[in-house]
2 protein chains.
Amino acid sequence: MNDSNDEIFMRRALELAKEAAELGEVPVGAVIVKDGEIIAEDFNRRELDKNAAAHAELLAINKACERLGGWRLTGCTLYVTLEPCPMCAGAIVNSRLSRVVFAAKDPKAGAFGSVLNLNFYPLNHKPKLESGLCGIEASAQLRDFFSSLRNKRGK
Amino acid sequence: MNDSNDEIFMRRALELAKEAAELGEVPVGAVIVKDGEIIAEDFNRRELDKNAAAHAELLAINKACERLGGWRLTGCTLYVTLEPCPMCAGAIVNSRLSRVVFAAKDPKAGAFGSVLNLNFYPLNHKPKLESGLCGIEASAQLRDFFSSLRNKRGK
């Protein structure tokens, strides 16, 4: 099931997450790939965009639909550094994304196995799921970000 | 808990759903209200926008965040003619929307009681939920739309 380029695409998602952190956003990056090519990518912009829906995955899905000229992302893989929340997992189902590879689990909001798993419900699409690729790096990015935030707030 | 104006706002959502149907979209309309005033509204535009994320509720949430200048929709009520799907229910949780009133239940994708209920999970926000207001009208709109679609396809 693994694409030999999975790590390359996840490392790009980690780079995007790093950009987010540098702008003061919770570091989450997402990349959508079709036929071995990146067709869309983004990072979490909730604070920059002042929008609760501006998560990396949803922004990348918007761009991928625009790029492909339709709402179906069949045949695409989404690489994301953190397990999708219910909103993003739902957008993945709605867009018929074929495969999702996520790095770190999210025990607070993860909707592909941690808090709940959308694939357990009789919805009209179930993406293939893989987790853990570059999970240590993604978790470290998040930990460093929140640790730095706490230090700043403590000053 | 009921706002005496609930029916007025739901009837506006039904009008928006009618506009959607006239444009060939599955008829779903959504209105977001704060302090008795409509601050955002939209209808389902999945086919028009060619975007899996272009559901009425998510589009209205985007507009409400823009209008209020922040990602928190605390104190707002969302009126929607159909039970939110997991994506939209997740966006409602993410935006801390205080209250959701939906008309018709969605046995295929409803994420506030039908297929699943996001409020049953330990996420960081639980909106107040009410259902059934103008449910007969909303269900009739949907039934008529799909019936007309089948007739066209049958020709």
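**Figure 1. A:R143 on helix α5 of chain A in the predicted model.** A:R143 has a relative accessibility of 52% and counts as exposed, because the cut-off for that class is over 50%. The residue belongs to helix α5 of chain A, which spans residues 135-154. Between the C-alpha atoms of A:R143 and A:A53 the distance is 23 Å, and the two residues are separated by 90 positions in sequence.

**Figure 2. The contact between chain A and chain B.** Each side is given as a residue count: 28 residues from chain A and 28 residues from chain B take part. About 2,300 Å² is buried between the two chains, with 66% of this area on carbon and sulfur atoms. Zero salt bridges are found across the interface of chain B and chain A, while five residue pairs, both members at pLDDT 80 or more, are in polar contact. On the side of chain B that touches chain A, at least two residues come from each of α2 (46-49), α3 (56-68) and α4 (86-94) of chain B. The most is given by α4(B), with five residues. By residue class, this side of chain B consists of 16 nonpolar, eight polar and four charged residues.

**Figure 3. Helix α4 of chain A and its surroundings.** Helix α4 of chain A covers residues 86-94, and nine of its nine residues are buried, so the helix is largely enclosed by the rest of the structure. The buried residues are A:P86, A:M87, A:C88, A:A89, A:G90, A:A91, A:I92, A:V93 and A:N94. Both chains contribute to the cover over these residues: it includes α3 (56-68), β3 (76-82) and β4 (99-104) of chain A, and also α3 and α4 of chain B. After α4(A) comes A:R96, which has a positive phi near 60°.

**Figure 4. A:M87 and the largest nonpolar core.** The largest nonpolar core contains 106 residues. The residues with the most contacts inside this core are I32, L58 and M87 of chain A, together with I32, L58 and M87 of chain B. With neighbours within four places in sequence set aside, A:M87 is in contact with A:A52, A:A53, A:H55 and A:L58 in its own chain. Across the interface, the contacts of A:M87 are B:L58, B:P86, B:M87, B:G90, B:A91 and B:N94.

**Figure 5. The loop between α2 and α3, with A:K50, B:K50 and A:H55.** A:K50 lies in this loop of chain A, and B:K50 is found in the loop between α2 and α3 of chain B. A:K50 is not a glycine, yet its phi is positive, at about 50°. B:K50, also a residue other than glycine, has a positive phi near 50°. The relative accessible area is 43% for A:K50, which is partly exposed, and 42% for B:K50, which is likewise partly exposed. A:H55 is in the loop between α2 and α3 of chain A, but A:H55 is buried, with a relative accessible area of 17%. Beyond neighbours within four places in sequence, A:H55 contacts A:N44, A:C85, A:M87 and A:C88, as well as B:N94 of the other chain.

**Figure 6. The salt bridge between A:R99 and A:D6.** The N to O distance between the two side chains is 2.6 Å. A:R99 lies in strand β4 of chain A and A:D6 in helix α1 (residues 6-22) of chain A, so the pair ties together parts that are 93 residues apart in sequence. A:R99 is buried at a relative accessible area of 7%, and A:D6 is buried at 4%. A:D6 and A:R99 also belong to a network of salt bridges that links them with A:E130.

**Figure 7. Salt bridges within helix α1 of chain A.** A:E7 and A:R11 form a salt bridge through their side chains, with an N to O distance of 3.1 Å. Both residues lie in helix α1 of chain A, at a spacing of four residues, or about one turn of the helix. A:E7 is partly exposed, with a relative accessible area of 39%, and A:R11 is partly exposed at 35%. A:K18 and A:E22 are joined by a salt bridge in which the closest N and O atoms are 3.4 Å apart. This pair, too, lies in helix α1 of chain A with a separation of four residues. A:E22 counts as exposed, at 58% relative accessibility. Over all chains of the structure, 22 salt bridges are found.

Terms used: Residues are numbered from 1 along each chain as its sequence is written. Chains are lettered from A and ligands numbered from 1 in the order in which they are written. This is a predicted model: local features need pLDDT of at least 70, side-chain atom pairs count only at pLDDT 80 or more; totals for chains, interfaces and linings use all residues. Side-chain values use heavy atoms; hydrogens and water are left out. Contact means heavy atoms within 4.5 Å. Buried area is the accessible area (1.4 Å probe) that two parts lose on being put together, summed over both. A salt bridge is a side-chain nitrogen of Lys or Arg within 4 Å of a carboxyl oxygen of Asp or Glu. A polar contact is a pair of N or O atoms within 3.5 Å; within protein, one must be able to donate a hydrogen and the other to accept it, and residues adjacent in sequence count only if both atoms are side-chain atoms. Ala, Val, Leu, Ile, Met, Phe, Trp, Tyr, Cys and Pro count as nonpolar, Asp, Glu, Lys and Arg as charged, and the others, Gly among them, as polar. A nonpolar core is a set of buried Ala, Val, Leu, Ile, Met, Phe, Trp, Tyr and Cys residues joined through side-chain atoms within 4.5 Å. Buried means under 20% relative accessible area, exposed over 50%, partly exposed in between (1.4 Å probe, protein chains only).
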